[in-house]
Amino acid sequence: MYSLQSLPLISSSSVHRPAPAKQPRLAEPRDKYPHIHTLSDSLTAVRVLSSCAANRDLRLGSCIHTNILKSGLHTNVFVANSLMDMYAKCGRIEDAAKLFDHMPDKTVVSWTSMMSGHCQRGAFDEVISIFWRMLETLQPNEYTLAVILQACAQKRDLKLVQLIHCHIIKTGFVMDAFLQNSLIDGYTKSGTLVAAEKLMKRLTCRDVVSWTSVISGCVLNGMVEKALLFFFEMQEDGVSPNTVTILSILQACSLINEWQVFQWVHGLVMKAEWRENVFVMNSLVEMYSINGYFKEGFQIFCNFCFEGDGQYLSTETIATLLQGCSHSKCLKLGEQIHGYLIKHGFFPCTIVENSLIYMYAENERDDAAFQLFRKMSCRDIVSWNTMISSLVKGSSSYQALMLLSEVHSNGGSDMIYPDFVTILASIQACSSLASLQLGQNSLVDMYGKCGRLHLAEKVSEEMPVRDLGSWNSLIAAYGINGNGISALNVFKQLKNTGAHRPNAITFTNILSACAHAGLVAEGFEIFNSMKREYSLEPRIEHFACMVDLLGRAGRLEEAEAFIQKMPFEPGPEVWGALLGGCGLVGNLDIAERVAKKLSILEPKSRAWRVALSNVYASVNKWEDAAKVRAEMRRSEELQKEGGWSSVEVRGEEFRFMVGDTMHPEARMVYAVLKGINEHIRDACRIV
């Protein structure tokens with residue numbers, strides 16, 4: 001059920017543990033910060049700010065900033081650079097960006113500090129964007145090039161690595177040892193190990209960073225045997241490995257999955273100082289556990305955690321151990337780990353709690369699993385799937401289906417929706433109960449979400465008896481695929497049969513279908529019939545569908561007037577639907593009014609900011625669009641993981657992101673895509 005990998009490991013201080021009660025903090029006397037009284041020149045200011053940055057002392061740094069403003073030293077470019085670096089290293093990248101934007105004269109150090117700040121927080125696209133802007137006015141130095149190479153390496157952007165390499169040669173930095181290591185790292189992470197190996201052989205002095213970059217690159221690209229060969233060459237070269245090297249070697253050994261290799265690397269770890277390193281010990285435990293040597297991994301866990309001084313394994317490693325207890329049917333060991341977790345304050349922690357539920361369920365302790373599930377303060381879809389699948393396996397299929405209904409009713413508030421694992425578990429539950437009806441409904445829902453309408457129709461037609469859920473599933477399937485006419489036909493059939501009365505879900509599905517198909521008149525007729533014919537009071541989701549319907553039709557003024565007449569206060573979903581309509585027709589006035597309301601209702605939401613940025617872009621307000629996007633990039637609360645899509649080809653799933661070039665046939669993919677775009681443009685010209 002779980003796919004646990006060798007993840008980054010953590011020390012005891014970073015394990016998820018309950019925070020101590022906060023004590024009231026008294027104002028600190030100024031005498032605690034004697035530097036504040038002595039900022040008489042820029043040199044002192046730079047020195048103190050550098051100390052704040054190194055110690056991550058944001059409180060003192062902010063006090064120094066106030067004093068700098070009073071003394072007028074903020075106009076000094078060296079002081080401004082130090083201030084920006086301090087904020088960036090203290091995790092306040094938005095404050096650093098504000099300083100950067102208002103700097104009248106930016107030096108190479110200014111640009112490099114800003115790039116480095118974004119790189120530290122993983123905003124690699126922003127690093128590259130700043131680099132291109134810098135090239136318009138200034139040439140980078142070796143430190144700037146090192147930062148951009150780090151961003152390229154993390155993005156695995158081979159073309160950009162090659163461009164930077166050419167620039168390094170052209171500008172004469174090619175002999176810089178630090179840049180050479182950065183290039184090796186960039187090439188290895190981008191999958192071009194041949195180029196990295198050539199660079200390695202040309203180096204006159206290969207240090208631990210050079211060797212580690214190549215070794216980790218080999219592991220990253222699945223060349224684990226070659227990684228070990230490089231490790232042996234490294235030792236022959238007289239270079240001692242560091243922690244990062246050992247972590248890469250442990251991952252390589254885990255992928256090789258040979259007992260003799262495990263014993264060799266285990267001995268290597270125990271003979272050196274790494275036996276007390278929490279990162280290394282986490283990896284060692286996981287190496288044994290995920291390859292089926294559970295007892296060996298558990299022994300290391302016991303030796304390290306119970307004999308060590310305040311040392312803890314990471315939650316991911318604990319989850320791997322619990323998975324081992326599940327597969328090995330070791331209930332007693334699992335209970336011991338559970339007790340250890342309670343004693344050392346690991347809860348609440350979703351990943352560990354999910355693993356405990358799975359462990360108890362696999363050991364036929366469904367009562368303990370269900371009790372844990374109900375006590376969880378935060379559940380994700382894995383929690384629900386684990387519990388539902390466990391109930392199905394334990395012949396409690398009816399309870400599993402009841403739990404499935406809770407996912408629909410309660411899970412949605414936490415943005416949790418059933419996935420394919422949920423649907424397959426529900427079909428299995430229906431099969432166990434011989435409930436053909438429920439199973440067929442799940443299939444209609446699944447095929448509709450996959451865009452396989454012909455299969456959804458076929459399943460629906462073969463149903464001996466249709467309940468209301470089956471009608472709703474088919475209407476939703478047509479709606480999400482933009483086939484509003486077919487959705488209306490099904491809705492009419494439902495009414496004509498007279499066997500079931502449409503409920504609130506039915507009306508949500510059919511109104512959404514009308515919105516996607518632009519059927520305004522039909523949508524209003526159905527909306528008005530809710531109360532008139534079925535005595536159903538429209539809820540907020542029905543009003544949101546109507547606003548979406550008018551917005552997609554370009555009738556924004558009507559949509560705004562419709563909102564004003566609502567019998568209750570409109571929520572974010574209603575205003576969001578109107579903002580989406582503004583993006584389709586480029587109505588900036590209404591969009592800005594709506595955005596102000598959403599900024600109050602959902603101040604931390606990305607959704608309406610993205611929609612507002614799209615509206616600005618649709619009317620060629622590129623600077624305003626860029627400002628909104630920049631605000632999202634600067635704020636930690638508005639960051640999100642990059643989105644990806646997937647496509648299944650001959651049974652194999654391929655995931656990709658915007659501008660992705662990692663697929664081995666990426667050039668052919670883009671060539672075909674280019675050809676399709678050209679055909680579309682030609683067709684548009686003919687029309």
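Before I begin, one definition: a residue is called buried when its relative accessible area is under 20%, exposed when that value is over 50%, and partly exposed in between. With that in hand we can take Arg-365, whose relative accessible area of 28% makes it partly exposed. Please keep in mind throughout that what you see above is a predicted model.

Let me start with the whole chain. The secondary structure of the protein chain comes to 36 helices and two strands, and of its 687 residues, 45% are buried. If we take the contacts between residues at least 6 apart in sequence, 60% of them join residues that are at least 24 apart. The chain exposes about 36300 Å², and carbon and sulfur atoms supply 54% of that area.

Now back to Arg-365, and to its partner. The side chains of Arg-365 and Glu-335 meet in a salt bridge, with 3.4 Å from N to O. Glu-335 sits in helix H18, which covers residues 331-343, while Arg-365 is in the loop between helix H19 (350-362) and helix H20 (366-375), so this pair ties together parts of the chain that are 30 residues apart in sequence. Glu-335 also counts as partly exposed, because its relative accessibility is 34%.

The loop that holds Arg-365 follows H19, and that helix deserves a moment of its own. H19 has 13 residues and reaches 18 Å from its first C-alpha to its last, which is close to the 18 Å expected at 1.5 Å a residue. How many of the residues of H19 are buried? The count is 11 of 13, and the helix is therefore described as mostly covered, given that buried means under 20% relative accessible area. Among the buried ones are Val-352, Leu-356, Ile-357 and Met-359, and the list also includes Glu-353 and Glu-362. The cover over these buried residues includes helix H17 (315-327), H18, H20 and helix H21 (381-393). Just after H19 comes Glu-364, which takes a positive phi of about 60°.

The salt bridge of Arg-365 is part of a longer list, since the structure holds 18 salt bridges. A second example joins Asp-125 and Lys-155, whose closest N and O atoms are 2.9 Å apart. This pair links distant parts of the chain, with Asp-125 in helix H6 (residues 124-135) and Lys-155 in helix H7 (residues 142-155), 30 residues apart. Asp-125 is exposed, because its relative accessible area is 53%, whereas Lys-155, at 34%, is partly exposed.

A third example is the salt bridge between the side chains of Asp-95 and Arg-92, at 2.8 Å from N to O. Here Asp-95 counts as buried, because its relative accessibility is 17%, while Arg-92 is partly exposed at 31%. These two residues do not stand alone, for Arg-92, Glu-94 and Asp-95 are linked in a network of salt bridges.

Let me turn to two residues in the interior. Met-546 lies in helix H30, residues 540-552, and it counts as buried because its relative accessibility is 0%. Which residues does Met-546 contact, once its neighbours within four places in sequence are left aside? They are Leu-511, Gly-523, Phe-524, Phe-527 and Phe-562. Thr-508 is 38 residues from Met-546 in sequence, yet the two are 9.8 Å apart in space, C-alpha to C-alpha.

The second residue is Val-269, in helix H14, residues 259-271. Val-269 is likewise buried, because its relative accessibility is 0%. Not counting residues up to four places away in sequence, Val-269 touches Ile-246, Trp-274, Arg-275, Val-280, Met-281 and Leu-284. One of these, Met-281, is 12 residues from Val-269 in sequence and 8.5 Å from it in space, C-alpha to C-alpha.

I will end with the cysteines. A disulfide is a covalent bond between the sulfur atoms of two cysteines. The count of disulfides in this model comes to zero. Why does Cys-52 have no such bond? The closest cysteine sulfur to that of Cys-52 belongs to Cys-90 and is 7.3 Å away, which is too far for a bond, because the cut-off asks for sulfur atoms within 2.5 Å. Cys-52 itself counts as buried, with 1% relative accessibility, whereas Cys-378, at 46%, counts as partly exposed.

Technical notes:
Residues are numbered from 1 along each chain as its sequence is written. This is a predicted model: local features need pLDDT of at least 70, side-chain atom pairs count only at pLDDT 80 or more; totals for chains, interfaces and linings use all residues. Side-chain values use heavy atoms; hydrogens and water are left out. Helices (H or I, at least four residues) and strands (E, at least two) are DSSP runs, numbered from the N terminus. Buried means under 20% relative accessible area, exposed over 50%, partly exposed in between (1.4 Å probe, protein chains only). Contact means heavy atoms within 4.5 Å. Accessible areas come from the Shrake-Rupley method with a 1.4 Å probe; for residues, only the protein chains shown count as cover. A salt bridge is a side-chain nitrogen of Lys or Arg within 4 Å of a carboxyl oxygen of Asp or Glu. The expected span of a helix is 1.5 Å times one less than its number of residues.
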